[in-house]
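Reader: I'm new to this structure and would like a close look at one part of it. Could you pick a strand and walk me through what surrounds it?

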Amino acid sequence: TMQPSLSYLDANGHVVEQVSLPDRHLSIRHLAHDGDQTVLFGQQYRGQPEATPSLLAMHSAGEEMVSLRAEPEEWARFDHYIASIAATQEWILATSPRGNCYGIWSKDTKELVELSALSDASGAVLLDGEFRLSSGAGSVVSQRKPYEKSIQQSSIQWDNHWSAI
């Protein structure tokens, strides 16, 4: 019975545009904006346990929704849930605490370019052009682009509700 969609509202609360997800077992959980024209959204899947649907999509006003791509075994690593998402003009990063991982997609090709293990991967924000990731196990990852990262350990158990201030 679920009818998942991304809705754009005007200042008066009227729907000005709406795009629906193709699978009624997907629900939008987390949103990000690339700083330009694109809204990105991470999803949760509540369907068949063996299914591996795309859990990330992007949309620009007036255009079609585009699902990001990864191999089925790569989507399986995310264990049906995206916890947080952040984006630049080039890269899209999403975390999965259930999958103990995060991934980075090329905004241009829509393809997964890095899949990294991170215990209880949680929050993702963009700060000064650099991704910052949190972990329920205390790690804080700083990463500007794929495969260039530094990791610090803290005694704090972070969750996925991060904001850059």
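Author: Here is a walk around strand β4, with a few stops in the rest of the protein.

First, some bearings. This is a predicted model, and the protein has 1 helix and 14 strands. Its C-alpha trace spans about 45 × 35 × 30 Å along the principal axes. A compact globule of 165 residues would have a radius of gyration near 15 Å, and the protein's own 15 Å agrees with that. Buried residues account for 47% of the 165.

Now to the strand itself. β4 covers residues 38–45 and belongs to an open sheet of 4 strands, ordered β3-β4-β5-β6, with antiparallel pairing. The edges are held by β3 and β6 (66–67), each with a single partner strand, so one side of each has no neighbour in the sheet. Look at the β3 side of our strand: β3 and β4 are joined by 7 bridges, in the antiparallel sense. One spot to find there is Ile-28, whose bridge partner in β4 is Gln-43.

Right beside it in the sequence is Gln-44, also in β4. Is Gln-44 buried or exposed? Its relative accessibility is 4%, and because the cut-off for buried is under 20%, Gln-44 counts as buried. The side chain of Gln-44 makes a polar contact of 3.0 Å with the side chain of Arg-29. Leaving out residues up to four places away in sequence, Gln-44 touches His-25, Leu-26, Ser-27, Arg-29, His-80, Tyr-81 and Arg-98.

β4 also has a part in the largest nonpolar core. That core has 27 residues, and the ones touching the most other members are Leu-40, Leu-55, Leu-56, Trp-75, Phe-78, Ile-92 and Trp-105. Two or more residues each come from β1, β3 (26–33), β4, β5 (56–60), β7 (84–87), β8 (91–96) and β9 (101–106). With 4 residues, β4 supplies the largest share. In soluble globular proteins, nonpolar side chains tend to be buried together.

Take Leu-55 as a way in. Again setting aside residues up to four places away in sequence, its contacts include Phe-41, Gly-42, Gln-43 and Tyr-45, along with Trp-75 and Phe-78. Leu-26, His-80 and Tyr-81 are among the residues touching Leu-55, and these three are also among those touching Gln-44.

Another core, of 11 residues, lies apart from this one; among its members are Ala-86, Ile-104, Ala-124 and Val-141. Ala-124 sits in strand β11 (residues 121–127) and, at 6% relative accessibility, counts as buried. Ala-124 and Ile-85 are 39 residues apart in sequence, yet their C-alpha atoms are 5.7 Å apart in space. Ile-85 is also one of the residues that Ala-124 touches, as are Ala-86, Leu-93 and Leu-133.

One last stop is β1, which also gives residues to the largest core. Side chains along β1 (residues 5–9) alternate: Leu-6 and Tyr-8 point to one face and are buried, while Ser-5, Ser-7 and Leu-9 point to the other and are not. β1 runs antiparallel to β2 (residues 15–20), with 5 bridges joining them, and Ser-5 stands opposite Ser-20. The two strands form a hairpin with 5 residues between them, and Gly-13 in the turn has a positive phi of about 85°.

Note on methods
Residues numbered from 1 in each chain as written. Predicted model: local features only at pLDDT ≥ 70, side-chain atom pairs only at ≥ 80, totals over all residues. Heavy atoms only, no water. Buried < 20%, exposed > 50% of the residue type's maximum accessible area, 1.4 Å probe, protein only. Polar contact = N/O pair within 3.5 Å; in protein donor to acceptor, adjacent residues only side chain to side chain. Contact = heavy atoms within 4.5 Å. Pairing = 2+ DSSP bridges. Core = buried A, V, L, I, M, F, W, Y, C linked by side-chain atoms within 4.5 Å. Rg over C-alpha atoms; globule rule 2.2 N^0.38 Å.
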